[in-house]
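Colleague: I have a few questions about helix packing, cysteines and a loop. Can you take me through them?

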Amino acid sequence: MSKKVTMQQIADHLGVSKFVVSKALSGKGGVSDATKERVISAASQLGYFAQKNAYVKSMNLEQLPKVPASGKQSVLVLMPNIRFQTKESLYWGRILDGISTCLEEDRLGMVIVSEQSVEHFLHFLNPNGILGLVGVGEISTSLLLEVHRIGLPMVLVDHEDMLIPSDAVFANNFESMYRLTKNLIGIGHRQLCFVGDIRYSRSFQDRFLGFRNAIEEQEGAEQQRDDYLLRVEGYEHEAFEEQIKQWAMKRKKLRKLPSALICANDMIAIGAVKALQELGISVPNDISVTGFDNIEDSYRMEPALTTVHVPKEALGRRAVERLMERIVKKGAPIEKILLSSELLYRDSTAHVKSGVKQQ
């Protein structure tokens, strides 16, 4: 039987007092944000959160209502109102549609919360009528810690926090990007570049790893990381367009343009296509471009974008289903659920022309 991790052990590990650790883990004031993050990180590393009854709960779990056969209990949907992460989004909005539809079928209500302040968010955590929480997209560790602290069942969609244990639902980003990259290699592409900030999200990181594995499996794969990774930042395709345009101008002068750009999502890919076209570089005749997500704009653009169809509504539905399972079986092992995605080959990719030497 493993030994219990105590607050004193965490304190000794960090060289602080047990009082500081208790304050940080209880959510009370008197501890700086930096110290709180250090305590949370150390507690996670030592296995504190994996223990049952790790917190003195501020809410009695027995107060939480059971899943009703009828009635109008509700699920809290936490969707921080970041510029790009809203219910109007072509990506996040479809996930929200899946959550809403599934809840309606189960005759459950939905309360959407976009609050990022921990203090204000706590006002929504009234146990009366709240079954659990579905978190959509990027959510701060401090908010997730509050949900975990009170013991409210939760499932995250397209996000996970290594410090806070919870069920999570993702598209199979690694496998999908691996297969997409393999297809490009199969039609003659050898100089490929991944476009996106791999620090932005777990999904972007997994997509990059799938891409990298595919190219490194090829014989004689000697590309340096600087050659096959272009970091770009922003939320809309206009922001990506200028960054990619400047990069492509330099590469064109050096005669080192890749034959294909594999973009972390469709918004980046749309910006890439526009940037290349402004420079007189033809897509796909000169360079192939791919996206990921299959938002509506991906098939409306010219040329239509080769991409990966992420089952956005299904992600939302599966999150609700997993939440219901978690409510019934609170002690069941935590799950990371991966949903398969479909590769969609459209007009933005083509075979490498025979006899053309790639630079």
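**Helix contact, cysteines and a loop**

Modeller: Keep in mind that this model is predicted. In it, H4 contributes Arg94, Ile95, Asp97, Gly98, Ile99, Thr101, Cys102, Leu103 and Glu105 to a contact with H13. From H13 come Lys312, Glu313, Leu315, Gly316, Arg317, Val320 and Glu321. By type, the residues of this contact are 6 nonpolar, 3 polar and 7 charged.

Colleague: Are H4 and H13 parallel, perpendicular or oblique to each other?

Modeller: H4 covers residues 92-105 and H13 covers residues 312-328. Their axes lie 6 Å apart and make an angle of about 45 degrees. Roughly parallel would need an angle under 35 degrees, and roughly perpendicular 65 to 115. H4 and H13 are therefore oblique.

Colleague: Is the crossing of H4 and H13 left-handed or right-handed?

Modeller: Handedness depends on which way the near helix is turned from the far one. For H4 and H13, the crossing is right-handed.

Colleague: Which cysteine has the sulfur closest to that of Cys263, and why is there no bond?

Modeller: A disulfide needs sulfur atoms within 2.5 Å. The closest cysteine sulfur to that of Cys263 is 8.5 Å away, so it is too far for a bond. Across the whole structure, the search finds 0 disulfides. The closest sulfur belongs to Cys193.

Colleague: Is Cys263 buried or exposed?

Modeller: Buried means under 20% relative accessible area. Cys263 has 0%, so it counts as buried.

Colleague: Which residues does Asp286 touch, beyond four places away in sequence?

Modeller: Asp286 sits in the loop between H11 and S9. Its relative accessible area is 45%, so Asp286 is partly exposed. Asp286 touches Ser259, Gly280 and Ile281.

Notes
Residues are numbered from 1 along each chain as its sequence is written. This is a predicted model: local features need pLDDT of at least 70, side-chain atom pairs count only at pLDDT 80 or more; totals for chains, interfaces and linings use all residues. Side-chain values use heavy atoms; hydrogens and water are left out. Axes are lines fitted to C-alpha atoms, for helices over the stretch in contact, and angles run from 0 to 180 degrees between N-to-C directions. Helices (H or I, at least four residues) and strands (E, at least two) are DSSP runs, numbered from the N terminus. Angles under 35 degrees count as roughly parallel, over 145 as roughly antiparallel, 65 to 115 as roughly perpendicular and the rest as oblique. Contact means heavy atoms within 4.5 Å. Ala, Val, Leu, Ile, Met, Phe, Trp, Tyr, Cys and Pro count as nonpolar, Asp, Glu, Lys and Arg as charged, and the others, Gly among them, as polar. Buried means under 20% relative accessible area, exposed over 50%, partly exposed in between (1.4 Å probe, protein chains only).
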